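This report describes the fold and selected side-chain interactions of one protein chain. The reader is invited to keep the sequence and the model in view while reading.

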Amino acid sequence: MIFDDIALLNDLKKDKEVLKDIIWDMEPKQLMEPRLRITEEGKQVEKIIRGYIFYIDKMSGDKPGLFLMCHTTMGYAETVANIDEIPDELIAEAIEENKGKEYFGMYPINKKLEAWLKKELGLQG
């Protein structure tokens, strides 16, 4: 595991390496798609994903939660942070907005949640 324990929002605020590698426009389904496809033209290698992706998980417990996943160029992925401070209504709105994008209990964040995260992480401006 990259972090000794699951990181929290305050931990992320201090980690400039993580903050600079957040991918804001990635959905959970995109992370899980095969990186190699066989097409009529031969093998097609998809874009290599490396960075950190926020996602909402409805299967993690009693209520949906916001998490941060690390994805490496070798295809290894691990949840490294849990953001408990997020208001429940922001998560509910993102789930409703992205209900058609659910993938194995995971949902992408929306622009409103992204703005909240950027403000909390000091990434505005």
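The following text treats the overall architecture, then the sheet, and finally the salt bridges.

**Overall architecture**

The structure is a predicted model. The mean pLDDT of the chain is 85, and 86% of its residues reach 70 or more. Confidence varies along the chain: it is lowest in strand β1 (residues 36-39), with a mean of 71, and highest in helix α5, with 96.

The chain contains five helices and six strands. Read from the N terminus, its elements follow the order α-α-α-β-β-β-β-β-α-β-α. Of its 125 residues, 40% count as buried. Among the contacts in the chain with a separation of 6 or more, 53% are between residues 24 or more positions apart.

**The sheet**

In which order do the four strands of the open sheet lie? The order is β5-β4-β3-β6, and the pairing is antiparallel. Strands β5 and β6 form the edges, since each of them pairs on one side only. Helix α4 packs on this sheet and touches β3 (51-57), β4 and β6. The direction of α4 makes about 90 degrees with that of β3.

Strands β3 and β4 are joined by seven bridges and run antiparallel. Within this pairing, Tyr55 has Phe67 of β4 as its bridge partner. On the other hand, β3 is joined to β6 by two bridges, again in the antiparallel sense. Here Asp57 stands opposite Met106 in β6.

Strand β4 (residues 65-71) also pairs with β5, in the antiparallel sense and over six bridges. Two positions illustrate this pairing: Cys70 has Glu78 of β5 as its bridge partner, and Leu68 stands opposite Ala81 in β5.

How many of the residues of β3 are buried? Seven of the seven are buried, so β3 is largely enclosed by the rest of the structure. In a regular strand the side chains alternate between the two faces of the sheet. In β3 both faces are covered: Gly51, Ile53, Tyr55 and Asp57 are buried on one side, and Tyr52, Phe54 and Ile56 are buried on the other. Strand β5 (residues 77-83) is mostly covered, with five of its seven residues buried.

**Salt bridges**

The whole structure holds nine salt bridges. Three of them are listed here with the distance between N and O atoms.

| Pair | N to O distance |
|---|---|
| Lys20 and Asp21 | 3.6 Å |
| Glu27 and Lys101 | 3.3 Å |
| Glu114 and Lys118 | 2.7 Å |

The pair of Lys20 and Asp21 belongs to a wider arrangement, for Glu17, Lys20, Asp21 and Arg50 are linked in a network of salt bridges. Are Lys20 and Asp21 buried or exposed? Lys20 is exposed, because its relative accessible area of 54% is over the 50% limit. Asp21 has a relative accessibility of 17% and therefore counts as buried, the limit being under 20%.

The second pair in the table joins two loops. Glu27 lies in the loop between α2 (16-20) and α3 (28-32), whereas Lys101 lies in the loop between α4 (88-97) and β6 (106-107). The salt bridge therefore ties together parts that are 74 residues apart in sequence. Glu27 is partly exposed, with a relative accessible area of 25%, and Lys101 is likewise partly exposed, at 39%.

The third pair lies within one helix. Glu114 and Lys118 are both in helix α5 (residues 111-120), four residues apart, which is about one turn of the helix. The contact between their side chains, at 2.7 Å, is also a polar contact. Glu114 counts as buried, since its relative accessibility of 8% is under 20%. Lys118, at 25% relative accessibility, counts as partly exposed.

Which residues does Glu114 touch, not counting residues up to four places away in sequence? They are Trp24 and Ile109.

Technical notes
Residues are numbered from 1 along each chain as its sequence is written. This is a predicted model: local features need pLDDT of at least 70, side-chain atom pairs count only at pLDDT 80 or more; totals for chains, interfaces and linings use all residues. Side-chain values use heavy atoms; hydrogens and water are left out. Buried means under 20% relative accessible area, exposed over 50%, partly exposed in between (1.4 Å probe, protein chains only). Two strands pair if DSSP finds at least two bridges between them. A salt bridge is a side-chain nitrogen of Lys or Arg within 4 Å of a carboxyl oxygen of Asp or Glu. A polar contact is a pair of N or O atoms within 3.5 Å; within protein, one must be able to donate a hydrogen and the other to accept it, and residues adjacent in sequence count only if both atoms are side-chain atoms. Contact means heavy atoms within 4.5 Å. Axes are lines fitted to C-alpha atoms, for helices over the stretch in contact, and angles run from 0 to 180 degrees between N-to-C directions. pLDDT is the predictor's confidence in each residue, from 0 to 100.
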